[in-house]
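User: I should like to understand how the descriptions given to this structure are justified. Please set each value against its criterion.

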Amino acid sequence: MRRALPVLAVVASALAVGLPGALGGSQATPGVTDRLITIGGTFPLSGPASSYAPIARGMAAYFSYINARRGPDKKRGVMGRQIRFIYYDDAYNPVQTVQQTRRLVEQDKVFALVGGLGTEPQLAVREYLNAKKVPQVFVSTGATLWGAEHDKYPWTIGWQPDYQAEAAVYGKRIAATDPNAKIAVLYQNDDYGRDYIAGLEAGLRAKKSQIVATRGFNVNDPAVTSQLVDLRRSGADTLMIFATPAKTIQTYATLARLGWKPDKIYLNSVSATDAFMTTAVRLAGADVVNGSISVQYLKDPANPEWDNDPGMQLYRRIMAKYLPGANDKDGLYLYGFAKAEDFVQALYQTGKNLTREALMKTIDNFTNAKNPFALPGAITKTGPKDPFPISHMRLIRFDKGTWTPIGPLVNGRGR
């Protein structure tokens, strides 16, 4: 790292300075020189979804590691090019996402947008990036439309299991193991939450009448008390929490205050990390949180089962070097690592002649079966008729401070 060009993780409050023309004059491909690949992204480093900030920081740490180590070609970085990762705070506000994305494209001249977070924020810039033919890849949101509308927006693609596929896994489990359950759904009142409801209904199939009540909330609402009171009145015994982390934690705390403990609680995977669950236990009590069910597709740094795993040991070494003092049990850092690793492998597979078109061709026909941070078997794979990079996941249950598997790896999209 001392001899390599470090990743420049530039937040909105920091000065973003492009490298001078000494690295080359006019470029055939923006953001690419013989020595450098400049990429960017927008993330909620502040605001209602700031708990996701470790994703960007994890990505930056992993790119720093890639820049410092020697790769399979004995060169630092990717084929001798350093990765410069610029990321800005958009506070989970689509208006700011538009402003910061334009800054990345028009001022910083990035090669690609990688890992940008949030369904509504990333939708706000999809038209712009596709019109400019700037890759918007491995978006940090499981919105189903990233894959379902990939033909219409070929410069945009997701990464993690899509929300409909994830929720379908929950629906299939309930239909098979608890056919008399009465289901209540608390959901974020936008495309994010509605995606989960659609998947749940698809998984339940003929038994979707088991859903007895749904209540939505806006991400900036101060509380979810009235919604939970209504859901309790429905007589539901199974609660689905389709919310981002802050609202998920608030939901658990409100359940404790109301004295309502549904027989089963399901929560979406984006909120099912050790850091969030630990906070939920502290605010709501273990009795309320224990037994919650979710899914995972990545290794869990909070679970001792992975302590001797080479990928987890690599993760901890990188965290200790580049993010000393950070909570290495927070799975969002590892999420950032896993996403950055897939992007690095896409760069290798694209080759030395790096163009935006070549990158998208690679990502549309991409396989990485050896991501050291993913569950064994949860490979990243796309093809001409398959624009959903990750589809495998397994059910997990939270108990005694950790998540444990309760089922085998399944394909949420049935492929």
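Analyst: In this predicted model, helix α5 passes helix α6 in a right-handed crossing. The α5 side of the contact consists of Y163, Q164, E166, A167, A168, G171, K172, I174 and A175, while α6 contributes Y192, D195, Y196, A198, G199, L200, G203 and L204.

User: What is the chemical character of the residues in the contact of α5 with α6?

Analyst: Ten are nonpolar, four are polar and three are charged. Gly counts as polar in this division.

User: Why is α5 called oblique to α6?

Analyst: The helices, residues 163-177 for α5 and 191-204 for α6, pack at an angle of about 40 degrees, with their axes 6 Å apart. Roughly parallel requires an angle under 35 degrees, and roughly perpendicular begins at 65. The angle of about 40 degrees meets neither criterion, and therefore α5 is oblique to α6.

User: What makes β2 and β4 edge strands of the sheet?

Analyst: The open sheet has four strands in the order β2-β1-β3-β4, with parallel pairing. β2 (82-89) and β4 (136-137) each have a single partner strand, so one side of each lacks a neighbour in the sheet.

User: How do you know that β1 and β3 pair?

Analyst: Pairing requires at least two bridges. Two bridges join β1 (residues 36-43) to β3 (residues 112-114), and these strands run parallel; the criterion is therefore met. G40 has L113 of β3 as its bridge partner.

User: Which helix packs on the sheet, and which strands does it touch?

Analyst: Helix α1 (residues 53-68) packs on the sheet and touches β1, β2 and β3. The direction of α1 makes about 165 degrees with that of β2.

Key:
Residues are numbered from 1 along each chain as its sequence is written. This is a predicted model: local features need pLDDT of at least 70, side-chain atom pairs count only at pLDDT 80 or more; totals for chains, interfaces and linings use all residues. Side-chain values use heavy atoms; hydrogens and water are left out. Axes are lines fitted to C-alpha atoms, for helices over the stretch in contact, and angles run from 0 to 180 degrees between N-to-C directions. Angles under 35 degrees count as roughly parallel, over 145 as roughly antiparallel, 65 to 115 as roughly perpendicular and the rest as oblique. A crossing is left-handed if the near helix is turned anticlockwise from the far one by less than a right angle, and right-handed if clockwise. Contact means heavy atoms within 4.5 Å.
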